[in-house]
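Got the model open in your viewer? Let's take a walk through it together.

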Amino acid sequence: MVEPALETQTIVGLEIHVQLKTATKMFCGCPVKYDAEPNSCVCPVCLGHPGALPVINRQAVEASLLVAAALNCEIASRTKWDRKSYYYPDMPKNYQISQYDQPLGGPGFFEIPTAAGTKRIRIRRAHLEEDAGKNIHDTPGCTLVDLNRAGTPLLEIVTEPDIASADEAYSFCVELQRLVAYLGVSEASMQKGQMRFEPNVNVVIRQDGHEHKTPISEVKNLNSFRSVRNAVNYEHDRQVIAWQADPRYLFGEAPNENRGWNDDKGVTEFQRGKEAAHDYRYFPDPDLVPLVVADELVRSIQTSISELPLARRKRLCEEIGLTTKDADTIVGHRPTADLFDAALSAGAPPDVLGKQFVNVWLRLANDRHGEVTDLGVDAARMAALATITKRGTVNKTAANRLAETMLDRAESPEHLAKELGLIQVRDSAATQAWVDEAFAGSEQAVRDALTSPKKAKKAAGFLRGQVMRISQGQADPNLVGQLIEKKLSEAAQK
Ligand code: ZN
Ligand code: MN
C-alpha cells in the first residue's frame with residue numbers, strides 16, 4: 001500500500017494504434033480481412049520479398065487526415081515514409097514502414113469529459129504506418145505466423161503527458177474509440193484488436209517540499225478500456241513503492257521500461273528496457289515517394305467534419321433535454337444521430353421528438369433487433385408525428401399506436417390517425433359524457449376515491465383508465481384528469 005500521507009500525481013501520455021477500415025492494405029492490393037484463412041491475404045509486397053515495390057493507399061491517407069483534422073491537428077503539406085528497423089518473425093521485411101520526423105498530423109488537441117468537466121488533452125502527433133503479422137502460440141512446441149495482418153494500415157496517435165489519472169486515461173480511450181467509429185474510418189473493435197493502447201506512466205511524488213519523478217513505464221498493447229485503467233492504477237502504486245524501497249528509482253537515473261499487462265494477475269510485468277529512437281535506425285524509405293497533401297484536400301476534409309460526438313451529445317442533453325445515456329445511444333451510431341437531427345430540421349418540436357425518438361422509435365427498433373434507420377420511417381414522417389403530438393391532435397398513447405402503424409403504411413400520421421379514430425377529442429361535453437359513464441360503471445372506485453385517503457390516488461387512476469377505455473383512447477388525458485377531479489370534489493360536497 002502507498003502511504004496515505006504521501007502526495008502523488010500520476011502522469012500519463014498515451015500512444016494509440018487504430019487499424020483503419022480500408023479495402024486493401026497500406027502498400028499493396030491485398031484485401032484487409034479479419035477472419036480469412038491464415039496467410040491467404042498476402043503478396044510479395046507484404047511478405048517483404050526482394051524487389052517488391054510498395055504503393056501508397058490513398059484511402060488510408062484520407063482516413064488519417066480526417067482523424068487528424070478531428071483532433072485539431074496541424075496537417076503537414078508534405079510528409080515522407082521511414083523505415084523503422086527491427087526483427088520479428090511476424091515482420092518478414094525486418095522493418096516497418098512508418099513516419100518518423102514528418103508525421104501526417106502535427107500538434108493538436110482532443111477534449112474529453114472528466115469528473116471535473118471537459119478537459120483538453122494535447123495531441124503530439126498522428127502518423128500512418130503498417131501493422132505487423134501475428135505470432136500464434138497455440139500449438140505446443142512451435143509458434144505459427146499468420147501474415148494476413150502484415151501491412152494493414154495503422155494510424156498511431158500520440159498524446160502529450162496531459163492525462164492525470166487512470167480515469168482520465170480511460171475516458172480518453174473511450175472518446176477516441178467513439179470518434180474513429182463515428183468518422184467511419186475504423187471498426188474500432190476491441191475484440192478484434194483494432195485499437196491498441198499503450199500508456200506511458202510515471203509519478204510525481206511530493207515529500208517535505210521536494211518533488212521526485214519516477215522513471216516512465218510504457219505498458220504495451222492493451223486492448224480494453226478496463227485494462228488501461230487497471231494498468232495505470234497498478235503502475236502508480238508499483239512505482240511509488242519502488243521509490244520508497246530505493247530512493248534512486250528516479251527518472252533519468254533508473255532506466256525507463258517496457259512492461260506487459262497480465263490481466264489474470266492484474267499486474268504489469270517487466271519486458272525490456274525501453275528503446276531510444278536511435279535503436280531503430282530510422283531512415284527514409286527509398287522505395288516510396290514523399291507524400292504531398294494538397295491544400296484543397298485538407299480544406300475539403302476539414303469542412304466535411306461538422307459536429308463531433310462530444311459536442312453533439314452535449315447539445316442533445318442541454319438543448320433537447322435528453323439524459324446522458326439516451327444521448328450516448330443516439331450519437332453512438334452516426335446514422336441514428338443524423339436521422340434525429342434531420343427530424344429536427346424537418347420541424348419536429350424538440351421536446352416531443354426527444355421523448356418520442358427514445359421511447360417510441362428506438363424501442364420499436366430494439367424490439368426488431370435493428371437500427372432505427374432500418375425502420376423505414378423517414379425524418380419527415382417522424383417530425384410529422386411529433387408535431388401532431390405536440391399540437392394535441394393525438395395523445396401520447398395514440399402516438400405510440402400510430403408509430404407502429406407507420407412502420408407498415410406510408411400515409412401521413414395525421415391521415416392514419418383519422419382513419420384509425422385516434423384523433424384526440426378535446427370537446428368538453430363529449431369528454432364529460434365519457435367521465436359520467438365511467439363514474440356510473442365504477443361505483444367501488446368512486447366510493448374509494450371519496451372515502452379512503454389511502455386508496456384515493458389509485459381509484460382516480462382507475463377512473464382515468466376507464467374513461468380512456470370508453471373513449472377508445474381518443475380523450476385528452478389532461479382534460480379527463482381535470483373533469484374527474486371536479487366531479488369528485490362536487491360529489492364530496494354533497
Ligand atoms: Zn500484400
Ligand atoms: Mn507504432
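We'll go from the overall layout to a domain interface, then to a metal site and a salt bridge within a helix.

Keep in mind that what you're looking at is a predicted model. The chain splits into three pieces: domain 1 covers 7–295, domain 2 covers 306–419 and domain 3 covers 428–493. Take the first two of these and compare their C-alpha centres, and you'll find them 39 Å apart.

So where do domain 1 and domain 2 touch? Ten residues of domain 1 are in contact with nine residues of domain 2. Putting the two together buries about 820 Å², with carbon and sulfur atoms giving 60% of that area. If you want to know who does the work on the domain 1 side, pick out Glu175, Arg178 and Tyr182: this trio supplies 65% of the area that domain 1 buries against domain 2, more than any other three residues.

Now for the polar side of that interface. The count between domain 1 and domain 2 comes to two salt bridges. Click on Arg178 again and you'll see that its partner in a salt bridge is Asp328, with the closest N and O atoms 3.6 Å apart. Looking at polar contacts across the interface of domain 1 and domain 2, four residue pairs qualify, with both residues at pLDDT 80 or more. As for secondary structure, strand 5 (108–114) and helix 2 (166–183) are the elements that give two or more residues to the side of domain 1 that touches domain 2. Helix 2 gives the most, with five residues. Sort that side of domain 1 by class and you get six nonpolar, one polar and three charged residues.

Next, swing over to the manganese ion, which is ligand 2. Which protein atoms hold the donor positions around the manganese ion? They are NE2 of His17 plus OE atoms of Glu129 and Glu156, lying 2.0 to 2.2 Å from the metal. Written along the sequence, the donor spacing reads H-x111-E-x26-E. Glu129 sits in strand 6 (residues 117–130) and Glu156 in strand 9 (residues 153–159), so this pair ties together parts that are 27 residues apart in sequence.

Last stop: salt bridges elsewhere. The structure holds 40 salt bridges, and one of them joins the side chains of Arg58 and Glu62, at 2.8 Å from N to O. Both Arg58 and Glu62 belong to helix 1 (residues 58–70), where they are four residues apart, or about one turn of the helix.

Methods. Residues numbered from 1 in each chain as written. Chains lettered and ligands numbered in written order. Predicted model: local features only at pLDDT ≥ 70, side-chain atom pairs only at ≥ 80, totals over all residues. Heavy atoms only, no water. Domains from an automatic or database assignment. Contact = heavy atoms within 4.5 Å. Buried area = accessible area lost by both parts, 1.4 Å probe. Salt bridge = Lys/Arg side-chain N within 4 Å of Asp/Glu carboxyl O. Polar contact = N/O pair within 3.5 Å; in protein donor to acceptor, adjacent residues only side chain to side chain. Nonpolar A, V, L, I, M, F, W, Y, C, P; charged D, E, K, R; others polar. Donors = N, O, S within 2.8 Å, 3.2 Å for Na, K, Ca; no water.
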